[in-house]
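Please open the model in your viewer and keep the selection tool at hand. The tour below goes from one selection to the next and says what is there at each stop.

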Amino acid sequence: MKGKRYTTEEKIRILREADGGRTILEVCRERNISEQTFHRWKRQFGMMEINEARRLKDLERENAELKKMLAEALLKNRVLEAVCEKKW
């Protein structure tokens with residue numbers, strides 16, 4: 001059975017609940033997640049705030065777009081080189 005997918009912001013909110021004085025077990029039971037999942041999220045997003053997570057997501061999206069643009073430019077360059085070689 002596949003579980004719920006949590007957004008980065010939701011994961012950070014859940015981590016902050018445990019920082020607020022509640023035990024990890026209480027938070028995990030309430031949110032229906034395993035302790036292993038909680039600790040994995042803590043390792044991944046430990047000291048990150050919600051606005052930092054949003055910024056990270058924006059940067060990752062921008063980076064993916066830049067990589068795509070670079071790949072297209074390199075492909076276009078190869079095609080032009082192949083056309084120029086055929087002409088000579």
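Helices (H or I, at least four residues) and strands (E, at least two) are taken as DSSP runs and numbered from the N terminus, and the expected span of a helix is 1.5 Å times one less than its number of residues. This is a predicted model, in which local features need pLDDT of at least 70 and side-chain atom pairs count only at pLDDT 80 or more, while totals for chains, interfaces and linings use all residues. Residues are numbered from 1 along each chain as its sequence is written, and side-chain values use heavy atoms, with hydrogens and water left out.

**Helix 1**

Begin by selecting residues 8–19, which make up helix 1. At 1.5 Å a residue, the 12 residues of helix 1 should span 16 Å, and the end C-alpha atoms of helix 1 lie 17 Å apart, which agrees.

Next colour the helix by accessibility, where buried means under 20% relative accessible area, exposed means over 50%, and partly exposed is in between (1.4 Å probe, protein chains only). The buried residues of helix 1 are Thr8, Glu9, Lys11, Ile12, Ile14, Leu15, Glu17 and Ala18. Their cover includes helix 2 (24–31), helix 3 (35–45) and helix 4.

Now select Thr8, which counts as buried because its relative accessible area is 17%. With neighbours within four places in sequence left aside, Thr8 is in contact (heavy atoms within 4.5 Å) with Phe45, Ala53 and Lys57. Then move to Gly21, just after helix 1, where phi is positive at about 115°.

**Salt bridges**

A salt bridge is here a side-chain nitrogen of Lys or Arg within 4 Å of a carboxyl oxygen of Asp or Glu, and by this rule the count comes to 8.

Select Asp19 and Arg16, whose side chains form one of these salt bridges, at 2.7 Å from N to O. Both residues belong to helix 1 and are 3 residues apart, about one turn of the helix. An α-helix has 3.6 residues a turn, so residues three or four places apart point the same way. Arg16 is partly exposed, because its relative accessible area is 24%.

Which residue does Glu17 meet in a salt bridge? Select Arg31 together with Glu17, and the two side chains are found to meet at 2.3 Å, N to O. Glu17 lies in helix 1 and Arg31 in helix 2, so this pair ties together parts that are 14 residues apart in sequence. Glu17 counts as buried at 18% relative accessibility, whereas Arg31 counts as partly exposed at 30%.

Add Arg22 and Glu26, which form a salt bridge whose closest N and O atoms are 4.0 Å apart. Finally add Glu30 to the selection, since Glu17, Arg22, Glu26, Glu30 and Arg31 are linked in a network of salt bridges.

**Helix 3**

Turn to helix 3 and select Thr37, Phe38, Trp41 and Phe45, which are buried. They cover an arc of only 100° around the axis, which puts them on the same side of helix 3; the arc is that of the directions from the helix axis to the C-beta atoms. On the other side of helix 3, Gln36 and Arg43 are exposed. The cover over the buried residues of helix 3 includes helix 1 and helix 2.

**Helix 4**

For the last stop, select Val83 in helix 4 (residues 50–87). Val83 counts as partly exposed, because its relative accessibility is 40%.
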